[in-house]
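Biologist: Please choose one part of this structure and take a close look at it. I am a first-year student. Explain each term once and keep the sentences short.

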Amino acid sequence: MSIGFAILGALRRTIDSGLLRLYRYRRVPLYFFAVGASGSLFREYLFTIDGATGPSMYATIPDAANFLCVNRMYGKGHGIKVGDVVQIASPIFPKQYNGKRVIALPGDYVLRSKSYSVAPGGAPVPGITDWKQRIEEEKVAAGQAVASSAGPVELMKSLAEDSHEEEEWDEPEMIQIPEGHVWVEGDNLAWSRDSRFFGPLPMALIKGRSSWFADGLFSFSSLKPGRGLRKIEKEELDAVLGVDIVSEAE
Amino acid sequence: MAPPEKTFPISELENRVHLYDVDYKEKSRKLPKGFDLKRDCELYELVQYSCTTQEEIEQRSLLGLKPARGGKGGWECYSFVRLFRRCKYGNQEFNVETTAWEGRHTWKPSSRLLEEQALAQPAQSEFAANGNSERAFAKYGSYFWSGK
């Protein structure tokens, strides 16, 4: 009997000792692994929240100090529509991600502008393409250096030539997007390295649709699909397609 | 890398709309007779922006002018409205950008280009009327071997 009690006592002491107590927490590393893996799954297949910088989407998304929420369920271009803002893996810089707007889907037709072109189609647009004239005017206003050297007569001549110059530009080219590709362009046309630079983008490089951006702690803004393309009703047709009101008045 | 780009001038747009690619082979969309882009497709607009270019910022700093007014870092942004037509037929749909085809930024052939075309046309017709010995020979050959 006494031997039996001794054995039991020894057993109890070993159970109370630290080594076996650890046995109760044997699953804790597993829990850590599960939390990490599900977090990774969430990040990879549902939503990614990450900082984003760069001027290519400026005016829609700020160029610094902002966070993007990317919906990864749209990965590889599933369910993407024209006008969506997407997050893409850059085809020219490894490990770099860009936010761009989808302009055309496979089989669609878009204007093939040159890279960094300020206006699609190359049309002269007041404000955008006449910056050289604006600089000249500011130069004249600042120092009158040009006016004094050229003389009033010549200046008047050059002004007259400008006003009578016909607005002509080269015929714009269009492109049909091949299968499995999309055409992406940044919203800031003059500062965006996009499909105009590297051509149609393979859909497999789309990582997801950017659904929200935050330029402060509590200032979230939506980038939902409805914000991209806007349907024009019949009543608006004349106003949108009509001649520019400013040029008509002149 | 992206496949080779199939570009075409904008004057061919209305004809090109009827074609699309399946396995990189051109096929007809089989659009209804008398299909008209302006009548049959809904118009959409997309607003994008064009900010002060790098070139302008450099020029301004060289000339010692003030940066463009407004905006961040001397940027001045102008909006640019792009036009799209969304055409639906059956259960398929396709989008066509019509920024340079209709509306304010429509491209029109310049007067110089029209003159050149007008000059080129009579020359072609003369050539066809007078005929050419080489051309006649080629025609004779194509009687046996088709052009394809």
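Modeller: What follows is a close look at helix α4 of chain A, and then at the aromatic pairs.

First, the ground rules. Residues are numbered from 1 along each chain as its sequence is written, and chains are lettered from A and ligands numbered from 1 in the order in which they are written. The model is predicted, with local features needing pLDDT of at least 70, side-chain atom pairs counting only at pLDDT 80 or more, and totals for chains, interfaces and linings using all residues, while side-chain values use heavy atoms and leave out hydrogens and water.

Now the two chains. Chain A holds nine helices and eleven strands. Chain B has five helices and six strands. (Helices, H or I with at least four residues, and strands, E with at least two, are DSSP runs numbered from the N terminus.) Of the 250 residues in chain A, 37% are buried. In chain B the figure is 34% of 148 residues. (Buried means under 20% relative accessible area, exposed over 50%, partly exposed in between, with a 1.4 Å probe and protein chains only.)

Next, the helix itself. Helix α4 of chain A covers residues 131–143. Check its length. At 1.5 Å a residue, its 13 residues should span 18 Å, and the C-alpha atoms at its ends are 18 Å apart, which agrees. (The expected span is 1.5 Å times one less than the number of residues.)

Which residues of α4(A) are buried? They are Trp131(A), Arg134(A) and Ile135(A). Down the axis of α4(A), these buried residues fall within an arc of 100°, so they line one face of the helix. (The arc is taken from the directions from the helix axis to the C-beta atoms.) An α-helix has 3.6 residues a turn, so residues three or four places apart point the same way. The face of α4(A) turned away from the buried side carries Lys132(A) and Glu137(A), which are exposed.

What covers the buried residues of α4(A)? The cover includes α3 and β5 of chain B. Arg134(A) fits into this picture. Its relative accessible area is 14%, and Arg134(A) is therefore buried. Set aside its neighbours within four places in sequence. Arg134(A) is then in contact with Gly127(A), Glu56(B), Glu76(B) and Tyr78(B). (Contact means heavy atoms within 4.5 Å.)

Now the rings. Over all chains, the search finds seven aromatic pairs. One of them is Tyr109(A) with Phe8(B): their ring centres are 6.2 Å apart and their planes at 75°, so the pair is edge-to-face. (Rings of Phe, Tyr and Trp, for Trp the six-membered ring, pair if their centres lie within 6.5 Å; planes under 30 degrees apart are stacked, over 60 edge-to-face, and the rest tilted.) Tyr109(A) sits in strand β5 (residues 109–111) of chain A and Phe8(B) in strand β1 (residues 6–9) of chain B, so this pair joins two chains. Tyr109(A) is buried at 1% relative accessible area. Phe8(B) also counts as buried, at 1%.

Look at another pair, Trp191(A) with Trp75(B). Their ring centres are 5.0 Å apart and their planes at 50°, so the pair is tilted. Trp191(A) is in the loop between β7 (181–185) and α7 (195–198) of chain A, and Trp75(B) is in the loop between α3 (54–63) and β5 (77–89) of chain B, so this pair joins two chains. Trp75(B) is buried, at 7% relative accessibility.

Return to Tyr109(A) and Phe8(B). Ring pairs link them with Tyr89(B) and Phe94(B) into a cluster. The charged end of Arg29(B) sits over the ring of Phe94(B), 4.0 Å from its centre. (A charge sits over a ring if NZ of Lys or CZ of Arg is within 6 Å of the ring centre and within 35 degrees of the ring normal.) In chain A, Arg209(A) lies over the face of Tyr74(A), 4.5 Å from the ring centre.

Put the parts together. The buried residues of α4(A) are covered by elements that include α3 and β5 of chain B. Tyr109(A) and Phe8(B) form a pair that joins two chains.
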